[in-house]
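Trainee: I would be grateful for a close look at the nonpolar interior of this protein. Please explain it in one connected account, together with the parts that surround it.

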Amino acid sequence: MFSTAFLQKEVNMKLAQLLSLVTLCATACAQDLSVAAVKRAFDNANIPTDLKINFNPKFLLEVVLPQPSGLPVLVHTGIQLPRNDTAGPPVFNLINPSNPLGQNAGPGPFVIAAVDPDAPSPTNTSNAQVRHFLGGDFLPARLPIPGAGSVESPLLSNTSAAISDWRQPTPTMGNHRYVFLVFNQPNGFDANSQAFVNATTPIQRWDVATFIQQVGLGEPIAGTFMMVANPDSP
């Protein structure tokens, strides 16, 4: 009979191998290959103007949406997704385009925010922005490789609870942009952010540009967005 400790070790090894393969596959299969193309897509969608931010990305953000069955959905910039594919919660990869399977965008920590600037509709943004996610303390994950120590990956691991948990897109009217942004996390962010956003702060009529200034985030270093529409409302 195998001991409990031995079996747990074997399970951990198999999980590490699977996670490594998933992360590498997500990166290798990524459809965002150029920060210039991502910036162009943001500009064409008027996202920097509408969010009142400067967007000059240095790295690629890949958002992976797990599915209850079948393969996960990989978000590439501007993809149109049915709402059913967006339950999440999302998994994040921060990729250095010059070395996509190795050293990523630095040691971290990073802050990730997701907002909808089109609430309740793209032509009536009286409830925008809606905050769909906000979290800090994201660090690059080191994935254990049996017999070879560990390897740094693009996968980001959240080492603290999210400030605002992921909320699945629920567009009421029209086709909405759901924008993900990554920032370098400044010193004191965990304490400072609580003065402006916490679990009881309304998610509607939020302003990411104001929050950036309040906590000193600086310009985003990466981003992506997806489109989600209400099929029952034009």
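Mentor: A nonpolar core is a set of buried Ala, Val, Leu, Ile, Met, Phe, Trp, Tyr and Cys residues joined through side-chain atoms within 4.5 Å. A residue counts as buried when its relative accessible area is under 20%. Please keep in mind that the model is predicted.

With that meaning in hand, the largest such core has 28 residues. Those with the most contacts inside this core are Phe42, Leu51, Leu134, Val179, Leu181, Phe211 and Leu217. At least two residues each come from helix H2 (35-44), helix H3 (47-51), strands E5, E8 and E9, and helix H5. Of the elements, H5 gives the most, with five residues.

Helix H5 is therefore a suitable place to begin. It spans residues 208-215, and Val208, Ala209, Phe211, Ile212 and Val215 are its buried residues. Because these residues cover an arc of only 160° around the axis, they lie on the same side of H5. The two ends of the helix also deserve attention. At its start, a side-chain oxygen of aspartate 207 comes to within 3.0 Å of the backbone nitrogen of alanine 209. Just after H5, glycine 216 adopts a positive phi of about 70°.

Next comes strand E5, residues 110-116, in which seven of the seven residues are buried. In a regular strand, side chains alternate between the two faces of the sheet. In E5, Phe110, Ile112, Ala114 and Asp116 point one way, while Val111, Ala113 and Val115 point the other way. The residues of both sets are buried. E5 runs antiparallel to strand E8 (residues 175-184), and six bridges join the two. Within this pairing, valine 115 stands opposite valine 179 of E8.

Leucine 181 shows how many parts of the chain can meet at one residue. Leaving aside residues up to four places away in sequence, leucine 181 touches Phe42, Leu51, Ile53, Phe55, Val111, Ile112, Ala113, Pro220, Ala222 and Gly223. A second, separate core has 24 residues, and these include Leu61, Val75, Phe92 and Phe180.

A polar residue can be followed in a similar way. Threonine 224 belongs to strand E9 (residues 222-229). Its relative accessible area is 0%, so threonine 224 counts as buried. The side chain of threonine 224 makes a polar contact of 3.1 Å with the side chain of threonine 77. Beyond four places in sequence, the residues touched by threonine 224 include Phe42, Leu61, Val75, Val179 and Phe180. Among these, Phe42 and Val179 are named for the largest core, whereas Leu61, Val75 and Phe180 are named for the second.

The aromatic rings come next. A pair of aromatic rings is described by the distance of the centres and the angle of the planes. The model has nine aromatic pairs. In one of them, phenylalanine 92 and phenylalanine 133 are tilted, with 5.8 Å from centre to centre and 45° between the planes. Phenylalanine 92 lies in strand E4 and phenylalanine 133 in strand E6 (residues 130-144), so this pair ties together parts that are 41 residues apart in sequence. Phenylalanine 92 is buried at a relative accessible area of 3%, and phenylalanine 133 is buried at 7%. Phenylalanine 92 also forms an edge-to-face pair with phenylalanine 138, at 5.7 Å between centres and 90° between planes. Because phenylalanine 138 lies in E6 and phenylalanine 92 in E4, this pair ties together parts 46 residues apart in sequence. Ring pairs link Phe92, Phe133, Phe138, Trp166 and Phe180 into a cluster.

Two loop residues complete the account. Alanine 87, in the loop between strands E3 (79-81) and E4 (91-95), is partly exposed at 40% relative accessibility. Alanine 87 touches Trp166 and Gln168, not counting residues up to four places away in sequence. The C-alpha atoms of alanine 87 and tryptophan 166 are 8.7 Å apart, although 79 residues separate the two in sequence. Aspartate 165, in the loop between strand E7 (150-158) and E8, is exposed, with a relative accessible area of 56%. With the same exclusion of residues up to four places away in sequence, aspartate 165 touches His132 and Phe133.

Notes
Residues numbered from 1 in each chain as written. Predicted model: local features only at pLDDT ≥ 70, side-chain atom pairs only at ≥ 80, totals over all residues. Heavy atoms only, no water. Buried < 20%, exposed > 50% of the residue type's maximum accessible area, 1.4 Å probe, protein only. Helix = DSSP H or I, 4+ residues; strand = E, 2+ residues; numbered from the N terminus. Arc of directions from axis to C-beta. Polar contact = N/O pair within 3.5 Å; in protein donor to acceptor, adjacent residues only side chain to side chain. Pairing = 2+ DSSP bridges. Contact = heavy atoms within 4.5 Å. Phe/Tyr/Trp six-rings, centres within 6.5 Å; stacked < 30°, edge-to-face > 60°.
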